[in-house]
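Please look over the sequence and the model below before reading on. The report that follows takes up one helix first, then the salt bridges, two single residues and the ligand.

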Amino acid sequence: MRMYDLIQKKKQGTPLTKEEISFMIQGYTKGEIPDYQMSAMMMAICFQGMTDAETLELTLAMRDSGDVLDLSEIPGKKVDKHSTGGVGDKTSLVLAPMIAALGIPVAKMSGRGLGHTGGTIDKLECFPGFTTGLTERQFFDAVKTVGMAIMGQTANLAPADKKLYALRDVTATVNQLSLIAGSIMSKKLASGADAIVLDVKTGNGAFMQKEEDAFALAREMVRIGNGAGRETVAVVTDMDQPLGNAVGNILEVKEAILSLNGQGPADLMEVVYALGTRMALLGGAAAAPEEALEKLKQVIINGSALEKFKEFVKNQGGDDSFVSNPQLLPNAKHLLKVENTQSGYVQRILAQEVGLASLVLGGGRTTKDSVIDLSVGILLEKKRGDAVAPGDSLAIIYANDMEKAIEAYGKIVRAYEIGEEKPAPVPMVKGIVTG
Ligand code: URA
């Protein structure tokens, strides 16, 4: 088999076979197929697309290019959750202990944040001593004893995707549906869960800004997951304003703990309950959505989700006293109020601008190796639909550097769209995609 012939075949619009896709992915992972040939292939795929069968084979080949976690020694049905990334998205921190409190084992691999969106691992590292650098053995034992564990992605998780994503990034070939869906799902499938719930974000702060694109991505990923033998459901959710009020690592952790105490912001909890319902159903903790929702509400009311979170933090080396006293987590040095100048209602809060403001403050990574400042961020005091008057505080900027705070200030002012009319409420859940 020659890569040249495969490129020619794809260029003409003929689907590639399973064997051809395996040859290409294996050869590229081993370094036997050069970047220039793979670039040509990626561009041909951008123009010709891929069939459902090709997309599935590509995903499976990328999944199998590295370690595939076998979670079968952990009793029970393991349900994983993945978000396509958003601003203020601390859903996993709230949801994982809720699901574990329902008796569904949570064995989760998470990533760090890059660019304007945050990552679960960075947030967990706000607890002094907390580690996600677990061996596979420690990870399995933690899930068995506590009911939940979160570890960092192993270096050898879908290495073909890692190499290919870096190549797509510099050859203008990221934006192709099969390639995006395959990339995300190869990593999810390699993480070993029996069932997967996907949170596909749409809106200004999301990877897929248009709703129709988000649904198309959701359908593609659900098709792949089910095709790979893993029950998969996608929930398309709003990211046209940051989720909850807090953006920035420690601020988000505090909000997650508040949520586990029953005082979570309404928009965040709507997403948590929508995803949780699907996870509870897939995990067998409930037979109908109403029952799942009721059980999820109970684990907040009776405190068992918060207890589970404490146990989890302690088990992974973190100081769990901060879960009981989150106000002791360090604050940034300077607090700067963003003052409103107009009368009216908040129409929109451009999530991407808020994410970029947090990045400017030092709360996010511009490169893979950036060191982040956990204490900085933004606390939104007004959200979409809120009435505002001149002089009101729209948000508080938490900064350790006044120059950066002033740059972030401009971004937050730009993020807020104020208009005269009260906007109609926007549903957080746009739809659910099942197999
Ligand atoms: N995220 C991924 O992991 N892969 C893509 O291709 C796009 C977003």
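In helix 16, the buried residues are A351, V354, G355, A357, S358, L359, V360 and L361, where buried means under 20% relative accessible area, exposed means over 50%, and partly exposed lies in between (1.4 Å probe, protein chains only). The model is a predicted one, in which local features need pLDDT of at least 70 and side-chain atom pairs count only at pLDDT 80 or more, while totals for chains, interfaces and linings use all residues. Residues are numbered from 1 along each chain as its sequence is written, and side-chain values use heavy atoms, with hydrogens and water left out.

Helices (H or I, at least four residues) and strands (E, at least two) are DSSP runs, numbered from the N terminus. Because 8 of the 11 residues of helix 16 are buried, this helix is largely enclosed by the rest of the structure. The cover over its buried residues includes strand 6 (246-247), strand 8 (344-349), strand 9, strand 11 (393-399) and helix 17 (402-415), if contact is taken to mean heavy atoms within 4.5 Å. After helix 16 comes G362, which has a positive phi near 105 degrees.

The loop between helix 16 and strand 9 also contains G363, which is buried with a relative accessible area of 11%. Leaving aside residues up to four places away in sequence, G363 touches N249, S358, I372, D373 and V376. The C-alpha atoms of G363 and I250 are separated by 9.5 Å, although these residues are 113 residues apart along the chain.

**Salt bridges**

A salt bridge is a side-chain nitrogen of Lys or Arg within 4 Å of a carboxyl oxygen of Asp or Glu, and the structure holds 28 of them. Three of these pairs are set out below.

| Pair | N to O distance | Separation along the chain |
|---|---|---|
| K10 and E54 | 2.8 Å | 44 residues |
| K201 and D89 | 3.8 Å | 112 residues |
| D122 and R365 | 2.9 Å | 243 residues |

The salt bridge between K10 and E54 links distant parts of the chain, with K10 in helix 1 (residues 3-11) and E54 in helix 4 (residues 52-63). K10 is buried, with a relative accessible area of 2%, and E54 is buried with a relative accessible area of 2% as well.

In the salt bridge of K201 with D89, distant parts of the chain are again linked, since K201 belongs to strand 4 (residues 195-202), whereas D89 lies in the loop between strand 1 (79-83) and helix 5 (91-101). Both K201 and D89 are buried.

The side chains of D122 and R365 also meet in a salt bridge, which joins helix 6 (residues 120-124), where D122 is found, to the loop between helix 16 (351-361) and strand 9 (377-380), where R365 is found. D122 is buried at a relative accessible area of 4%, and R365 is buried at 8%. Elsewhere, E73, R137, D141 and K144 are joined into one network by salt bridges that share partners.

**A buried aspartate in strand 1**

D80 is found in strand 1 and, with 2% relative accessibility, counts as buried. Which residues does D80 touch, not counting residues up to four places away in sequence? They are K108, K188, S191, A193, A195, I196, V197 and M279.

**The ligand and its surroundings**

Around the ligand stand Y165, R168, I180, S183, I184, K187 and F207, a residue being near a molecule if one of its heavy atoms lies within 4 Å of it. This shell divides into 4 nonpolar, 1 polar and 2 charged residues; here Ala, Val, Leu, Ile, Met, Phe, Trp, Tyr, Cys and Pro count as nonpolar, Asp, Glu, Lys and Arg as charged, and the others, Gly among them, as polar. Helix 8 (159-169) and helix 9 (177-190) each supply at least two residues of the shell, and helix 9 gives the most, with 4 residues.

Which distances separate polar side-chain atoms from the ligand? A polar side-chain atom of R168 lies 2.9 Å from an oxygen atom of the ligand, and one of S183 lies 2.6 Å from a ligand nitrogen atom. For K187, an N or O atom in the side chain is 2.5 Å from an oxygen atom of the ligand. On its own the ligand has 240 Å² of accessible area, of which the protein covers 85%.

Definitions and conventions:
A polar contact is a pair of N or O atoms within 3.5 Å; within protein, one must be able to donate a hydrogen and the other to accept it, and residues adjacent in sequence count only if both atoms are side-chain atoms. Accessible areas come from the Shrake-Rupley method with a 1.4 Å probe; for residues, only the protein chains shown count as cover.
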